[in-house]
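These are my notes from going through one structure, entry by entry. I wrote down what I looked up and what I found.

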Amino acid sequence: MLYKRTHMCGELRLADEGKEVILNGWVAKARSLGGLVFVDLRDKTGITQITFNEDVPETVLEQAKSLRSEYCIGVKGVVKERSSKNSNIPTGEIEVFADDLVIYSKSETPPIYIKDDDNVDDNLRLKYRYLDLRKNKMQRNLSVRHRVVKCARDYFDEQGFTEVETPMLIKPTPEGARDYIVPSRVHNGSFYALPQSPQMFKQLLMVAGTDRYFQIVKCFRDEDLRADRQPEFTQIDLEMSFAGVDDVIAIQEGFIKKVMKEVKGIDVVTPFPRLTYAEAMERYGSDKPDTRFDIELMKLNDVFAGCGFEVFTKTLAEGGDIRGICVPGGASEFSRKKIDKLVDEVKHYGAKGLVWIKHEASGISSSVGKFFTDDELKTVLDKCGASEGDIVFIVSGTSKVTYDSLGFLRRKVAGLLGLLDDEQFNFLWVVDFPMFEQDEDGNIKAMHHPFTQPKLDELEKLDSDILGLRANAYDIVLNGVELGGGSVRIHDKDLQARMFKALGLTDEECEEKFGFLIEAFKYGAPPHAGLAYGLDRLVMLLLGEKSIREVIAFPKNQNAECPVCEAPAPAGEGQLEELGIELVPDAE
């Protein structure tokens, strides 16, 4: 028998008293007191207390006594006001006195608790994800993700965008990370790649006259995982013809404004602040700065010029930098033990050490106190804007080392001091990125991708100062996380050829890897620009979660495995033979 429900478990209120209702769901908790049975019935909307007493048929009461956690049941009964109310749940003023019960299926004892604060091992949660998803928190997360996607579809439709699906099986192309490769049975020895992004296809759609495109799209990158990264992830992807930087930014700020209002009930102020890449690095040590707290980097080269501290003088002689941050109220918070831990952490960013200066009521103390007088240390404190009770941390090295180390450190100490408010949303744009960067081997590579348009009034730098050439590129940042990035694209085939040449690609390599795009540009390509959001990251931040795994229904673990279906798994010999693949035994 199947009861057709009249309400969801989280909907009933005191205004529904006296109504006959039918509810379906899972038993969150059952308590039998002889002639009285209480059941907390749960579905994705919440919990309602169900009461069985001796007024029901004996067979129904006996069934109720047999209920255990996670039994899937249906009940029929009347809504009544609770005598002992529960203020912890929205339905806590009512209960349903049942007069009938159906058990759809029984449950063994679950391997994990179905409650939000279960504190269970993540691997176990992912293995039994279908149980983990029954939690109210996880159902809320999926619901918020749905609402963000709906906002995107509604908003971009209103703005004249057409949703177009692009292929999942494409040609392998270099886009910065490893491709996931799919062998072709029909074309033995050839391979598809899963797309790292729809970049070239959305540019082809601009050539095709689509004018404004968007897509909620899966992307794939075979790279090491972290809290906000998965091998497969979802983008809100878009492209606009006859558009420049300001056009894209204006459209995106409208989208964010809609999402924040509809999902969080917050009116965000637009336009968002804009920082150039150079300013973001100089002030925050990061191209995705968190501006929820007022700790900025201070360049100290002039203060330490000519000092007798060998570490600093050597850094300056080698063309490096000395930078510091002032942490308000940090003098008493950071003991030697805590500082030692910070020293170990900044070493991961290339720093060889961490100098500190404390300004306390008892005086000034420092890890380099024997090399400087109190007056000299006071000059450093003044330069950094430090007051009594503050601590200054200093790093020396190459610009990259000082930026990376202090960029990490400012956010780390802010977290330790409780300055990171998950309900504060600081959006900003970082613009004017470098067009190129240099890898450890000295090779030039595109900072974003080779289709990004450089600043057209700086093109002479291609031949004289290639690392000084800036791009018409922009990232949207929220609370220290890059939500999305984009750029104006190159639509001129001759300029595109110059970019490929600057990257060291031969004509043959260009034709092999990007020939279809170059061919398309011969037939009237419009100026165009676009952007892609990380949907998972956006939802994660809206919910105050620390990992995108919390907003993906079936995520991979840290080893890029799916614990539910146990992928990846070996293929059968017959499949491999059909694909023309022979496995080489591991050397170990």
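**Entry 1: a barrel.** I began with one pair of residues and found that Ile-50 stands opposite Val-96 in β5. The model I was looking at is a predicted one. I then looked up the two strands behind that pair. Strand β3 covers residues 46-52 and strand β5 covers residues 94-105, and they pair in the parallel sense over two bridges.

Next I asked in what order the strands of the barrel close. The order is β1-β2-β3-β5-β4, five strands with mixed pairing. On average, neighbouring strands in this sheet are turned by 55 degrees against each other, direction ignored. I noted for myself that strands of a sheet pair through backbone hydrogen bonds, either parallel or antiparallel.

I also looked for a helix against these strands. Helix α1, residues 58-65, lies across β1 (20-32), β2 (37-43), β3 and β5. The angle between α1 and β5 is about 80 degrees.

**Entry 2: a pocket.** I looked up the second largest pocket and wrote down a volume of about 590 Å³. The elements that give two or more residues to its lining are β1, β2 and β3. Its lining has 25 residues, and those nearest its centre are Ala-28, Lys-29, Arg-42, Ile-114 and Lys-115. How do the lining residues of the second largest pocket divide into nonpolar, polar and charged? I found seven nonpolar, seven polar and 11 charged.

**Entry 3: a cavity.** How many cavities of 30 Å³ or more does a search of the whole structure find? The search finds one. I noted a volume of about 40 Å³ for the largest cavity. Its lining consists of Asp-122, Arg-125, Leu-126, Arg-129, Arg-549 and Glu-550. By class, I have five charged residues, one nonpolar and no polar in that lining. Helix α2, residues 122-127, supplies the largest share of the lining, three residues.

**Entry 4: an open sheet.** I turned to another sheet, in which five strands follow the order β12-β13-β16-β14-β15. This sheet is open, and its pairing is antiparallel. Which strands stand at the edges? They are β12 (297-299) and β15 (363-366); each has a single partner strand, so one side of each is left without a neighbour in the sheet. The twist from one strand to the next averages 25 degrees.

I then went through the pairs. Strand β13 (residues 321-327) runs antiparallel to β16 and is joined to it by seven bridges. One bridge I looked up has Ile-322 with Ser-396 of β16 as its partner. Strand β14 (residues 355-360) is also antiparallel to β16, with four bridges. There, Val-355 has Ile-394 in β16 as its bridge partner. Between β14 and β15 I found four bridges, again in the antiparallel sense, and Glu-360 stands opposite Gly-363 in β15.

A helix belongs in this entry too. Helix α7 (residues 277-284) lies across β12 and β13 and runs at about 90 degrees to β12.

**Entry 5: strand β16.** Is β16 enclosed or open to the outside? Seven of the seven residues of β16 (residues 391-397) are buried, so this strand is largely enclosed by the rest of the structure. I reminded myself that side chains in a regular strand alternate between the two faces of the sheet. I therefore listed the faces of β16 separately, and both are covered. Ile-391, Phe-393, Val-395 and Gly-397 are on one side. Val-392, Ile-394 and Ser-396 are on the other.

**Entry 6: helix α16.** I looked up how covered helix α16 (residues 535-543) is, and nine of its nine residues are buried. Among them are the charged-looking entries in my list, Asp-536 and Arg-537, along with Leu-535, Leu-538 and Val-539. Just after α16, Gly-544 takes a positive phi of about 70 degrees.

**Entry 7: one serine.** My last lookup was Ser-241, which is found in strand β10 (residues 232-241). Is Ser-241 buried or exposed? Its relative accessibility is 8%, and buried means under 20%, so Ser-241 counts as buried. Leaving out residues up to four places away in sequence, Ser-241 touches Met-206, Asp-211, Pro-526, Pro-527 and His-528.

Conventions: Residues numbered from 1 in each chain as written. Heavy atoms only, no water. 1 Å grid on protein atoms, 1.4 Å probe; cavity = no way out; pocket = protein on both sides within 12 Å on 5 of 7 lines; lining within 4 Å. Points joined across faces, edges and corners; volume = space filled by probe spheres on them. Nonpolar A, V, L, I, M, F, W, Y, C, P; charged D, E, K, R; others polar. Pairing = 2+ DSSP bridges. Axes fitted to C-alpha atoms, helices over the stretch in contact; angles between N-to-C directions. Contact = heavy atoms within 4.5 Å. Buried < 20%, exposed > 50% of the residue type's maximum accessible area, 1.4 Å probe, protein only.
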